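Me: Please take a close look at one short strand in this model and at what surrounds it. Keep the cut-offs in view as you go.

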Amino acid sequence: MTTPYSQDYVPPAPVLLVSLTAPAETSQVGPYPALIDTGADGTFVPTALLERLSVPIVYATNVRSHLATRLRRVSVHKVDVLFDGVRLPDVEVVSDDSGDEIIIGRNVLNKLQLFLDGPKRVTDLR
């Protein structure tokens with residue numbers, strides 16, 4: 001699966017099309033473009049999407065962005081993440097109350113074989 005970089009960012013950024021579903025369920029939301037963030041420990045999903053899936057909170061924790069010194073309390077949920085025929089089951093994702101985009105962090109990226117072709121501005125999921 002080849003996905004062009006998003007032009008919504010300067011410079012353009014690598015994205016993947018992703019769908020989400022409750023674990024072991026068939027109804028899903030998406031596909032949505034998801035920002036690939038190799039510096040993020042975890043994956044962030046807008047709270048509204050998690051509410052549509054009715055997935056329960058697994059636990060709460062604190063997170064800190066690279067720009068903030070203050071910790072923020074968040075809830076963690078489990079979802080299945082789907083990429084063009086690839087299904088990653090029971091992935092822990094952070095509910096994001098303030099963002100409106102999916103950010104794919106290393107907890108998901110480390111399970112995939114990706115090629116980021118900056119000069120061509122495409123992402124290949126292999």
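**One strand and its surroundings**

Reply: In strand S4 (residues 43-46), Thr43 and Val45 point one way while Phe44 and Pro46 point the other, and all are buried (under 20% relative accessible area with a 1.4 Å probe, protein chains only; strands are DSSP E runs of at least two residues, numbered from the N terminus). Side chains in a regular strand alternate between the two faces of the sheet. The model is predicted: local features need pLDDT of at least 70 and side-chain atom pairs 80 or more, whereas totals for chains, interfaces and linings use all residues. Residues are numbered from 1 along each chain, and side-chain values use heavy atoms, without hydrogens or water.

S4 runs parallel to strand S7 (residues 86-96), joined by four bridges (pairing takes at least two DSSP bridges). Opposite Pro46 stands Asp96 of S7.

S7 also holds Ser95, which is buried at a relative accessible area of 6%. The side chains of Ser95 and Thr47 form a polar contact of 2.6 Å (N or O atoms within 3.5 Å, one able to donate a hydrogen and the other to accept it). Leaving aside residues up to four places away in sequence, Ser95 touches Val45, Thr47, Leu50, Val74, Ser75 and His77 (heavy atoms within 4.5 Å).

Thr43 and Val45 are among the residues lining the largest cavity, as are Val18, Leu20, Val81, Phe83, Val93, Ile102, Ile104 and Val108 (points on a 1 Å grid where a 1.4 Å probe fits but cannot get out; lining atoms lie within 4 Å of a point). Strand S2 (15-21), S4, strand S6 (72-83) and strand S8 (102-104) each supply at least two lining residues.

Definitions and conventions: Buried < 20%, exposed > 50% of the residue type's maximum accessible area, 1.4 Å probe, protein only. 1 Å grid on protein atoms, 1.4 Å probe; cavity = no way out; pocket = protein on both sides within 12 Å on 5 of 7 lines; lining within 4 Å.
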